[in-house]
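The following exercises concern burial, ion pairing and strand pairing in a single protein chain. Each task is followed by a solution in steps.

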Amino acid sequence: MNIVILSRNANLYSTDRLREEGEKRGHKMEIIDPLKCDIIIEKEKPTIYYKDRYLDYVDAIIPRIGASVTFYGCAVVRQFEMMGVFTICTSDAIQRSRDKLRSFQRLSKAGIGMPKTVFTNYSRDVEEVIEHVGGTPVIIKLLEGTQGLGVVLAETKNAAESVLEAFNGLQARVIVQEYIKEAGGADLRALVVDGQVVGAMKRQGKDGEFRSNLHRGGSAKVLKLDHNELKLAMNASRALKLPVCGVDMLQSSRGPLILEVNSTPGLEGIEGATGRNIAKSIIHFIERNKRES
């Protein structure tokens, strides 16, 4: 097959691993920067032009669309969809996952456990917002933050008020969530491929850091999920229509709670922690779907 990885950087670990595993399976792998693609729209003939050629020979794509290029990146993915090309994640699903509020609304309807969450229209009644999530401390998150950026722990009412006023002044949309103290600065990351968990790790934030992101100095170790954690990860993947995704969870006294579903999960941390060949699983997923189509 001709498989295109949509990525802005061919040297990234995840991009390179997917290329490597695809080539091992005998596929022609190509890494293309989505921002350098021209979308050509005409009656009954949607096409994409890249550098010196039309991409009308592509069988499948693997979107590795960064948050900063979501709009144009998803437009390119959507154009491939219009051309009948298989994608491991649809443009609609990627956009849904990037909007934390929209994701939580869908996950809530699907009956998936989550921290109490409040979204308001620049409300000045901070005390009432805090009461809705059970009091301080609270977590305040930008709706479109990644890798722990735009996430603040406010330990007191005054701190929460100051942070919310600052975000409001910048006209930045945020959600407020209850702080799950018993999680102890750790979270779980499950990697889902074709709706099944293929690897999981526990990420622990460094001392004094409530965020467990590996980009922020956190550590990771392999983990065997229990039944409830497996069920939550697979249900979250299904609810957001993301057959390939990273599902982040917190361990709480009332069971696992969803933190976030990532449509472009990094492979380096989880392959390193688990020893699992996640990239190979993704290539197999493409092969299975192409055989069935």
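**Exercise 1.** Classify Arg254 by its relative accessibility and identify its salt-bridge partner.

*Solution.* Step 1: Arg254 has 47% relative accessibility and therefore counts as partly exposed; buried means under 20% relative accessible area, exposed over 50%, and partly exposed in between (1.4 Å probe, protein chains only). Step 2: its partner is Glu178, with the closest N and O atoms 2.3 Å apart. A salt bridge here is a side-chain nitrogen of Lys or Arg within 4 Å of a carboxyl oxygen of Asp or Glu. Step 3: the two residues lie 76 residues apart, Glu178 in strand β11 and Arg254 in the loop between β15 (244-252) and β16 (255-262). Helices (H or I, at least four residues) and strands (E, at least two) are DSSP runs, numbered from the N terminus. Step 4: Glu178 counts as buried because its relative accessibility is 12%.

The model is predicted: local features need pLDDT of at least 70 and side-chain atom pairs count only at pLDDT 80 or more, while totals for chains, interfaces and linings use all residues. Residues are numbered from 1 along each chain as its sequence is written, and side-chain values use heavy atoms, with hydrogens and water left out.

**Exercise 2.** Describe the surroundings of strand β11 (residues 174-178).

*Solution.* Step 1: 5 of the 5 residues of β11 are buried. Step 2: Val174, Val176 and Glu178 point one way, whereas Ile175 and Gln177 point the other way. Step 3: β11 runs antiparallel to strand β8 (residues 117-118), to which 2 bridges join it; strands pair if DSSP finds at least two bridges between them. Val118 stands opposite Val176. Step 4: strand β9 (residues 138-142) also pairs with β11 in the antiparallel sense, over 5 bridges, and Ile139 has Gln177 as its bridge partner.

**Exercise 3.** Compare the burial of the partners in the salt bridges Glu30–Arg53 and Asp187–Arg203.

*Solution.* Step 1: the closest N and O atoms of Glu30 and Arg53 are 2.1 Å apart. This pair connects strand β2 (residues 28-32) with strand β5 (residues 53-54), 23 residues apart. Step 2: Glu30 is buried because its relative accessibility is 15%, while Arg53, at 25%, is partly exposed. Step 3: Asp187 and Arg203 meet at 2.9 Å, N to O, and link strand β12 (residues 186-193) to strand β13 (residues 196-204). Step 4: both Asp187 and Arg203 are buried.
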